[in-house]
Amino acid sequence: MRNMKMHFAAIQRCLLVQQCMGTSSVNVFTSVRKLASATSTCLKVCIVGAGPAGFYTAQHLLKSRTDVQVDLYERLPVPFGLVRFGVAPDHPEVKNVINTFTQTAQHDRCSFYGNVNVGKDVSVQELQQAYHAVVLSYGAEGNRKMGVTGEDLAGVYSAKDFVGWYNGLPCNKQLQPDLSCETVVILGQGNVALDVARVLLSPLDILKTDITQSALQALEASKVRRVLVVGRRGPLQVACTIKFLREMLNLPDTRTEMLASDFEGISDTLKDLPRPRKRLTELMLKAVKEAKEETDARKRWGFRFLRSPVEVLAGPDGARAAAIRLAVNKLEGSGDAARAVTTGQVEDVECGMIISSIGYKSLPIDSSVPFDLKRAILPNNLGRVQDTSGLYCSGWVKRGPTGVIATTMNDSFDTARTLLQDMESGVLDLSVSKAGSGAISALLGSRGVRVVSFPEWEKINTEEVRRGEVNGKPREKLLDVKEMLSVAWS
Ligand SMILES: Cc1cc2nc3c(=O)[nH]c(=O)nc-3n(C[C@H](O)[C@H](O)[C@H](O)COP(=O)(O)OP(=O)(O)OC[C@H]3O[C@@H](n4cnc5c(N)ncnc54)[C@H](O)[C@@H]3O)c2cc1C
Ligand SMILES: NC(=O)c1ccc[n+]([C@@H]2O[C@H](COP(=O)([O-])OP(=O)(O)OC[C@H]3O[C@@H](n4cnc5c(N)ncnc54)[C@H](OP(=O)(O)O)[C@@H]3O)[C@@H](O)[C@H]2O)c1
Ligand SMILES: *[C@@H]1O[C@H](CO)[C@@H](O)[C@H](O)[C@H]1NC(C)=O
């Protein structure tokens with residue numbers, strides 16, 4: 001009798017280990033052997049969102065402990081977040097991180113569950129019951145609003161939607177922006193603003209990577225010749241990096257249209273600037289100087305400074321944007337901390353399209369999870385979500401919507417380290433066994449939600465690459481979730 005009991009316990013432990021190793025075949029004898037080397041407790045961690053933050057958090061956890069199983073849940077049927085749907089088509093080298101993410105997803109102790117909308121299909125509390133720890137890394141799926149009259153007129157877009165459109169984000173498929181105007185005004189002077197400006201002005205051959213075919217056709221027919229990139233503060237506060245400015249200055253058949261008056265006194269400040277800001281400013285000054293001497297280029301672009309949007313003005317039809325009214329600002333204070341204060345003056349700029357690129361914004365996922373509405377992040381301490389034991393966060397939803405992939409990698413490793421510490425220090429109760437994906441799959445099944453596994457995503461990938469070949473591109477993205485699913489499950 002006692003023997004039987006022990007035997008039964010051993011089998012249970014084996015099954016646990018087997019789940020952890022990602023094997024499904026029940027072979028008690030090999031499992032008993034595995035048991036000798038693996039620890040009996042299998043730690044189950046679930047990560048929400050399969051962008052850079054999700055993958056880098058998973059990578060660090062898998063590397064650091066051999067007894068942890070990591071499950072990634074992703075809303076879309078396809079992984080990689082903004083690496084697929086944000087990074088510009090003329091920066092294909094940035095997307096090489098996908099190779100590392102793929103290795104992580106293919107790890108023995110990692111599983112990908114696509115097509116699962118956490119907060120709708122399954123709650124965060126349900127995930128917490130099924131896992132020892134839950135990491136939220138669901139990014140920033142909203143955008144800041146200008147909050148001005150006329151923002152909803154036709155011809156006004158958020159950069160987030162515009163980028164989603166040319167990069168094939170399913171929810172932006174219908175955007176079909178009207179590119180029949182000559183002048184476009186972009187609000188905001190970050191790297192995203194310059195991504196958009198570049199896509200609008202670039203020769204098509206350098207865009208012809210994984211940009212959608214419909215965006216490529218629209219850009220082919222585009223009448224856009226002039227792009228103004230408008231900032232509320234001055235030249236010393238532009239948010240873009242030098243690489244992006246240089247790319248703008250090097251656009252073929254495009255001259256810069258800056259206002260020399262905007263740069264009065266700027267050269268005197270150079271010597272006191274931190275090095276990256278100094279180099280960026282020097283490059284701008286050089287561009288201003290050379291702009292005078294220029295040429296018969298067909299297209300032009302330029303920064304405009306000290307201007308905040310106050311109203312989008314409609315054309316005669318009352319429906320389409322025809323101009324933007326800008327408040328003229330002055331600066332209070334100096335350096336990065338300088339604030340824009342309106343002078344009371346306004347100025348109208350005619351344009352047929354307005355793109356607001358003033359930042360992305362994270363949204364609450366689930367009423368059970370604390371959310372700092374003012375900062376639009378999950379309130380956290382080194383990645384531990386405030387007041388919620390066992391809940392962690394990484395990436396843009398942890399820090400806010402700034403930083404390159406490398407920043408997101410660092411902060412995801414930090415969160416993984418925090419989680420590992422809590423495992424080691426006993427903050428997390430690891431003595432209980434958790435059902436993990438078994439429990440969640442059952443819940444999802446009962447709700448009629450079918451997941452997309454990583455091999456199923458690879459079928460979508462193969463189909464996209466195949467369709468790309470037809471158009472001479474590395475990939476032609478599927479634009480429709482239904483179509484993705486039918487390819488995945490074919
Ligand atoms: C337009 C643009 C261009 C960029 N270009 C570059 C560049 O060239 N180089 C560079 O280094 N950095 C670039 N960045 C920055 C980089 O993309 C970010 O640092 C990084 O993607 C942030 O990672 P994340 O995982 O936090 O968010 P995301 O990449 O947004 O990933 C979040 C994931 O969570 C999923 N998700 C959302 N809600 C749910 C839910 N409810 N349930 C399940 N899953 C959910 C999303 O579908 C997404 O896959 C760019 C950013 C933007 C906006
Ligand atoms: N390296 C890359 O390859 C790459 C490419 C794309 C994006 N990214 C990164 O992704 C992150 C997000 O980029 P982003 O361009 O969206 O953000 P960002 O760099 O933060 O720039 C936002 C811009 O919007 C302005 N702004 C914000 N609120 C405003 C308001 N209410 N009214 C007027 N202007 C306002 C900001 O001006 P103020 O400074 O005055 O606030 C700033 O110029 C950045 O960290 C960026 O570096 C990196
Ligand atoms: C990431 O962390 C490393 C090591 O601490 C550091 O050298 C690097 O500058 C960081 N990168 C970014 C983009 O923050």
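**Ligand 2.** I began with the surroundings of ligand 2, where 19 residues form the shell and Gln-189, Arg-232, Arg-233, Phe-244 and Gly-403 come nearest. I kept in mind throughout that this is a predicted model. Sorting the shell around ligand 2 by class, I got 7 nonpolar, 8 polar and 4 charged residues. Helix H8, residues 191-201, gives the most to this shell, with 3 residues.

I then went through polar contacts of ligand 2. The side chain of Arg-232 has an N or O atom 2.8 Å from an oxygen atom of the ligand, and for the side chain of Arg-233 I likewise noted an N or O atom at 2.8 Å from a ligand oxygen. A polar backbone atom of Val-192 lies 3.2 Å from an oxygen atom of ligand 2. Taken alone, ligand 2 exposes 910 Å², and the protein buries 78% of that area.

**Ligand 1.** Next I turned to ligand 1, which has 33 residues around it, with Ala-53, Glu-74, Trp-396, Gly-403 and Ile-405 coming nearest. The class division of this shell is 19 nonpolar, 10 polar and 4 charged residues. Gly-403 is thus a name I had written down for ligand 2 and wrote again for ligand 1.

Which atoms of the protein lie 2.9 Å from an oxygen atom of ligand 1? I found a backbone N or O atom of Ala-53 at that distance, and a polar backbone atom of Ile-405 at 2.9 Å from a ligand oxygen. A nitrogen atom of ligand 1 is 3.0 Å from a polar backbone atom of Arg-75. On its own ligand 1 has 1,000 Å² of accessible area, of which the protein covers 93%. The elements that give two or more residues to the shell around ligand 1 are helix H3 (52-64), H8 and helix H15 (405-425).

**Ligand 3.** For ligand 3 I listed Ala-406, Thr-407 and Asn-410 as the surrounding residues. An oxygen atom of this ligand is 2.3 Å from an N or O atom in the side chain of Asn-410. Ligand 3 exposes 360 Å² when taken alone, and the protein buries 29% of that.

**Second largest pocket.** I looked up the second largest pocket, whose volume is about 360 Å³. Its lining consists of 18 residues, and those nearest its centre are Lys-95, Ile-98, Asp-210, Asn-461 and Arg-475. Two or more lining residues come from each of helix H4 (82-85), helix H5 (97-105) and helix H17 (454-470). By class I counted 7 nonpolar, 5 polar and 6 charged residues in the lining of this pocket.

**Cavity.** How many cavities of 30 Å³ or more does the structure hold? I found 1, with a volume of about 50 Å³. The residues lining this cavity are Trp-165, Gly-168, Leu-169, Asn-172, Lys-173, Thr-212, Ser-214 and Leu-479, which I divided into 3 nonpolar, 4 polar and 1 charged.

**Aromatic pairs.** Finally I searched the whole structure for aromatic pairs and found 15. I looked at Tyr-73 and Tyr-131, whose ring centres are 6.3 Å apart and whose planes stand at 80°, so I recorded the pair as edge-to-face. This pair links distant parts of the chain, 58 residues apart, with Tyr-73 in strand E2 (residues 68-73) and Tyr-131 in the loop between helix H6 (124-130) and strand E4 (133-136).

How values were computed:
Residues are numbered from 1 along each chain as its sequence is written. Chains are lettered from A and ligands numbered from 1 in the order in which they are written. This is a predicted model: local features need pLDDT of at least 70, side-chain atom pairs count only at pLDDT 80 or more; totals for chains, interfaces and linings use all residues. Side-chain values use heavy atoms; hydrogens and water are left out. On a 1 Å grid over the protein atoms alone, a cavity is a set of points where a 1.4 Å probe fits but cannot get out, and a pocket is an open set with protein on both sides within 12 Å along at least five of seven lines; lining residues have an atom within 4 Å of a point. Grid points are joined across faces, edges and corners, and a volume is the space filled by probe spheres set on the points. Ala, Val, Leu, Ile, Met, Phe, Trp, Tyr, Cys and Pro count as nonpolar, Asp, Glu, Lys and Arg as charged, and the others, Gly among them, as polar. A residue is near a molecule or strand if one of its heavy atoms lies within 4 Å of it. A polar contact is a pair of N or O atoms within 3.5 Å; within protein, one must be able to donate a hydrogen and the other to accept it, and residues adjacent in sequence count only if both atoms are side-chain atoms. Accessible areas come from the Shrake-Rupley method with a 1.4 Å probe; for residues, only the protein chains shown count as cover. Rings of Phe, Tyr and Trp (its six-membered ring) pair if their centres lie within 6.5 Å; planes under 30 degrees apart count as stacked, over 60 as edge-to-face and the rest as tilted. Helices (H or I, at least four residues) and strands (E, at least two) are DSSP runs, numbered from the N terminus.
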